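Biologist: Hello! Could you walk me through this model, one question at a time?

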Amino acid sequence: MAGFLEAVVMLFPLDLGGPAHEISPREGSYRPFARVSATGERFRVRMIEGPPLLAPGDTARAVFEIESDITPIAGGSEADLIELEGRIVGAMTVVRHWHAGRPLPVTA
């Protein structure tokens, strides 16, 4: 396990390419890819915490488990949310990145 990300997530509205269905963050079944805008690094995440439901067009704070080894990500970094078929369905701004219960030493 490579750690966790807390982020403000914005799902695009359906007519702008957002997800085709509502997401239940707390179920832990939504597993998109994230791509960091500054570096292009792409990795798999699993949404594990947030509001009960996120619909296309919603914005909320959420927590993601990182399922790949990645370079530490600084707070304020932007990333795209990409579903399996390669469609960008939203964006997120990283609030913090931590590993094994402790914050990572990352710089902006």
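Modeller: Gladly! Let us begin with a term: a residue is called buried when its relative accessible area is under 20%, exposed when that area is over 50%, and partly exposed in between. Please keep in mind that this is a predicted model.

Biologist: Is Glu-6 buried or exposed?

Modeller: Start with where Glu-6 sits, which is strand S1. Its relative accessible area is 13%. The cut-off for buried is under 20%, so with 13% Glu-6 counts as buried.

Biologist: Which residue forms a salt bridge with Glu-6 with the closest N and O atoms 2.9 Å apart?

Modeller: Here is a general idea to help: side chains of opposite charge can pair when their charged atoms come close. In the model, a polar contact of 2.9 Å joins the side chains of Glu-6 and Arg-61. The salt bridge with the closest N and O atoms 2.9 Å apart links Glu-6 to Arg-61.

Biologist: Why does the pair of Glu-6 and Arg-61 tie together parts that are apart in sequence, and how many residues apart are they?

Modeller: Look at the strands that hold the two partners. Glu-6 lies in strand S1 and Arg-61 lies in strand S4, so the pair ties together parts whose separation in sequence is 55 residues.

Biologist: How far apart are the closest N and O atoms in the salt bridge of Glu-6 with Arg-96?

Modeller: Arg-96 counts as partly exposed, at 42% relative accessibility. Glu-6 is in contact with Arg-96, and among its other contacts beyond four places in sequence are Thr-93 and Trp-98. In the salt bridge between Glu-6 and Arg-96, the closest N and O atoms are separated by 2.7 Å.

Biologist: How many residues apart are Glu-6 and Arg-96?

Modeller: Glu-6 belongs to strand S1, while Arg-96 belongs to strand S6. This pair links distant parts of the chain, and the separation is 90 residues.

Biologist: How many salt bridges does a search of the whole structure find?

Modeller: Besides the pairs of Glu-6, there is one between the side chains of Glu-67 and Arg-46, at 3.5 Å from N to O. Glu-67 lies in the loop between S4 and S5 and Arg-46 in strand S3, so this pair ties together parts that are 21 residues apart in sequence. Salt bridges also link Arg-31, Arg-46, Glu-65 and Glu-67 in a network. Over the whole structure, the number of salt bridges found is nine.

Biologist: Which residues touch the most other members of the largest nonpolar core?

Modeller: In soluble globular proteins, nonpolar side chains tend to be buried together. The largest nonpolar core here has 24 residues. Strands S1, S2, S3, S4, S5 and S6 each supply at least two residues of this core. The members that touch the most others are Leu-5, Phe-43, Phe-64 and Met-92.

Biologist: Which residues of strand S1, written as 4-11, might I look for around Met-92?

Modeller: Set aside the neighbours of Met-92 within four places in sequence. Its contacts then include Phe-64, Ala-34 and Leu-81. Strand S1 spans 4-11, and the contacts with numbers in that span are Leu-5, Ala-7, Val-8 and Val-9.

Biologist: How far apart are the C-alpha atoms of Leu-54 and Pro-25?

Modeller: Leu-54 has its place in the loop between S3 and S4, and at 1% relative accessibility Leu-54 counts as buried. Among its contacts beyond four places in sequence are Leu-11, Ile-23 and Pro-25. Leu-54 and Pro-25 are 29 residues apart along the chain, and their C-alpha atoms are separated by 7.4 Å.

How values were computed
Residues are numbered from 1 along each chain as its sequence is written. This is a predicted model: local features need pLDDT of at least 70, side-chain atom pairs count only at pLDDT 80 or more; totals for chains, interfaces and linings use all residues. Side-chain values use heavy atoms; hydrogens and water are left out. A nonpolar core is a set of buried Ala, Val, Leu, Ile, Met, Phe, Trp, Tyr and Cys residues joined through side-chain atoms within 4.5 Å. Buried means under 20% relative accessible area, exposed over 50%, partly exposed in between (1.4 Å probe, protein chains only). Helices (H or I, at least four residues) and strands (E, at least two) are DSSP runs, numbered from the N terminus. Contact means heavy atoms within 4.5 Å. A salt bridge is a side-chain nitrogen of Lys or Arg within 4 Å of a carboxyl oxygen of Asp or Glu. A polar contact is a pair of N or O atoms within 3.5 Å; within protein, one must be able to donate a hydrogen and the other to accept it, and residues adjacent in sequence count only if both atoms are side-chain atoms.
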